Structure formats: structure tokens, C-alpha cells
Amino acid sequence: MVIKVAANHLQSIRTHAESTYPNECCGLLMGEIAGDIKTLVEVWPTENAWNPEVVETLPEMEFGDRLDRSKRDRFFIAPSAMLKAMKQGRDRNLTIIGIYHSHPDHPAIPSKCDRALAWPQYSYIIVSVRQGKAQDLNNWSLDGDGDFQSEEIITLPSTQVKK
């Protein structure tokens, strides 16, 4: 798979990540899928809903470390936000094609928690934010074995992706 993304969408993700630093930001990638190509049409920022109660609702998973973390190093998109995106997207012939989030003062590579909460059909854009400034931005997807693999981003001029 490959994801086509307009330059302004990548800038929106970076700006969102910088605005929430030192906490993680998160949001949905709304678009279309045709064959092996995902096309991002809209970036939908969401609230980072991670809190101690979220941990209690998650099934037993192997995160590789403590679950009692904070928004500084965890993110969670509320099911109600996902449902709203699905409904509004359906009305516009868009679907959730992925999720983005930031890693404050850490590399833009998936964590064990990211892996434990990931869904196979989605792209996962992660942006590293160092001292409040967005740095590296990488895209990932799960392979058939459930491991993250790098997924190519094709950056298009902002005028080429419209709905």
C-alpha cells in the first residue's frame, strides 16, 4: 500500500503536533482507497482522550511497559469520535484510512502501545516533535504478521487532492 497526501495535510498534522506539545496529538485520516492506493482527502484532528479510565476499558494487551502513562506518551481516540467520523465520512463518500499522532521528544516510529492498539487496515502517520518543533514524519501499516512496516507517502501539491 501507498498513501497519497497533499503537502498542506502534512503541514496540518505537524501544526497540530506542535500545538499539543508536550502531549501527544491525534487525529483521523479521512479519504478513499482504490486498489493499493489510499488518498488522504481530509485531516480530522481529535481530542487525545487518554486518561486512567481508558486503561481500565482496554482488553489485556502486552504493551511492554506500564499502562499508567499520561497524554505525554499515550493517545486514545474516543469511540464516539470514530463513530462520528464514520457517519460524516459516509455521507461524503469518505472513509477512515488511517490515524495520525505525535511522539513528543521521541522518534517517529511505533511504540509497543501503538502496535497493541493498531488496526490492520489503517495507515499510521507518526510525527516526532522535539522541544516543541515537528521533525520527522513517517507512515506505517501492519503487515500480515501484525508487525509495523514502513508505508510509502507520496506527497502531492496541495491543489491536487480535493473532494
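## Close-up views of the predicted model

**View A. Leu-29 stands opposite Gly-98 in β4.** The model shown here and in the other views is predicted. Strand β2 covers residues 26-34 and strand β4 covers residues 95-104. These two strands run antiparallel and are joined by 6 bridges. Strands of a sheet pair through backbone hydrogen bonds, and the pairing can be parallel or antiparallel.

**View B. β2 and β4 belong to an open sheet of 8 strands.** The strand order is β7-β6-β5-β4-β2-β3-β1-β8, and the pairing is mixed. β7 (148-150) and β8 (152-156) stand at the edges of the sheet; each has a single partner strand, so one side of each is left without a neighbour in the sheet. On average, and with direction ignored, neighbouring strands of this sheet are turned by 35° against each other.

**View C. Helix α3 lies across three strands, β2, β3 and β4.** The helix is formed by residues 79-91, and β3 by residues 37-46. Helix α3 runs at about 35° to β2.

**View D. The second largest pocket has a volume of about 220 Å³.** Its lining is made up of 15 residues. Glu-24, Asp-73, His-103, His-106 and Ser-111 are the lining residues that lie nearest the centre of the pocket. Strand β4 supplies at least two residues of this lining, as does helix α4 (112-117). By residue class, the lining of the second largest pocket divides into 7 charged, 5 nonpolar and 3 polar residues.

How values were computed:
Residues numbered from 1 in each chain as written. Predicted model: local features only at pLDDT ≥ 70, side-chain atom pairs only at ≥ 80, totals over all residues. Heavy atoms only, no water. Pairing = 2+ DSSP bridges. Helix = DSSP H or I, 4+ residues; strand = E, 2+ residues; numbered from the N terminus. Axes fitted to C-alpha atoms, helices over the stretch in contact; angles between N-to-C directions. Contact = heavy atoms within 4.5 Å. 1 Å grid on protein atoms, 1.4 Å probe; cavity = no way out; pocket = protein on both sides within 12 Å on 5 of 7 lines; lining within 4 Å. Points joined across faces, edges and corners; volume = space filled by probe spheres on them. Nonpolar A, V, L, I, M, F, W, Y, C, P; charged D, E, K, R; others polar.
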